[in-house]
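Here is a short note for a colleague who has not met this structure before. Please keep the model open while you read.

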Amino acid sequence: MKTKKENILVLVTAGKESKRFMELAKDAAKAGNGDLYILHVAQGENILESGEMYEMQRLADYGCRLGGQVCLCCEQDVAAYISRFAREKDITGVLLEPPVKKEKKSIWKELLERIAALLPPGTSLLSERELAAAAV
């Protein structure tokens with residue numbers, strides 16, 4: 001009987017925790033015989049407007065060294081893009097790096113709820129703890 005591959009998507013920002021989250025996702029994807037996908041979606045029409053391109057390039061390089069498939073893009077509807085990406089890549093688990101700044105937490109919570117509502121069936125949002133357990 002064939003076991004389903006655990007394709008893990010980690011959503012990254014220019015935050016300092018992104019590398020750690022990519023490593024957790026890599027370990028979980030490897031343990032599940034799946035693939036690692038690393039995605040950054042800047043809201044808007046131009047990813048260069050985010051002002052974080054240098055750090056994002058460093059993260060993209062690091063993600064490639066981990067064996068991940070890295071995508072940096074821009075989209076007005078971030079949650080809808082993530083949902084489409086998850087469908088196209090047959091993603092089974094999504095890890096979203098939490099915000100660092102308190103004022104962004106309510107926006108992050110709304111985005112998280114919207115992403116969860118749009119994800120395809122069989123795809124789950126993973127906490128850092130769940131991902132660490134899956135990697136064992």
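The points below deal with one helix and then with one serine.

1. First, a caution: this is a predicted model. Please read each point with that in mind.

2. Start with the length of helix α2. The helix takes in residues 53-65, which makes 13 residues. At 1.5 Å a residue, α2 should span 18 Å. Its end C-alpha atoms lie 18 Å apart, so the expected span and the model agree.

3. Next, which residues of α2 are buried? They are M56, L59, A60, Y62 and G63. These residues cover an arc of only 165° around the axis, so they sit on the same side of α2.

4. What does that buried side pack against? The buried residues of α2 pack against α1 (18-31), β2 (36-43) and β3 (69-75). So one helix and two strands are worth displaying together with α2.

5. Now turn to the other face of α2. Y54 and R65 are exposed, and they are carried on the face turned away from the buried side.

6. Look just past the end of α2. There G67 takes a positive phi of about 95°.

7. Finally, S18. This residue belongs to helix α1. Is S18 buried or exposed? Its relative accessible area is 0%, under the 20% cut-off, so S18 is buried.

8. The side chain of S18 has a polar partner: it reaches the backbone oxygen of T13 at 2.8 Å. Neighbours within four places in sequence aside, S18 is in contact with V12, T13, L59 and E97. Of these, L59 is also one of the buried residues of α2.

Notes: Residues numbered from 1 in each chain as written. Predicted model: local features only at pLDDT ≥ 70, side-chain atom pairs only at ≥ 80, totals over all residues. Heavy atoms only, no water. Helix = DSSP H or I, 4+ residues; strand = E, 2+ residues; numbered from the N terminus. Expected span 1.5 Å × (residues − 1). Buried < 20%, exposed > 50% of the residue type's maximum accessible area, 1.4 Å probe, protein only. Arc of directions from axis to C-beta. Contact = heavy atoms within 4.5 Å. Polar contact = N/O pair within 3.5 Å; in protein donor to acceptor, adjacent residues only side chain to side chain.
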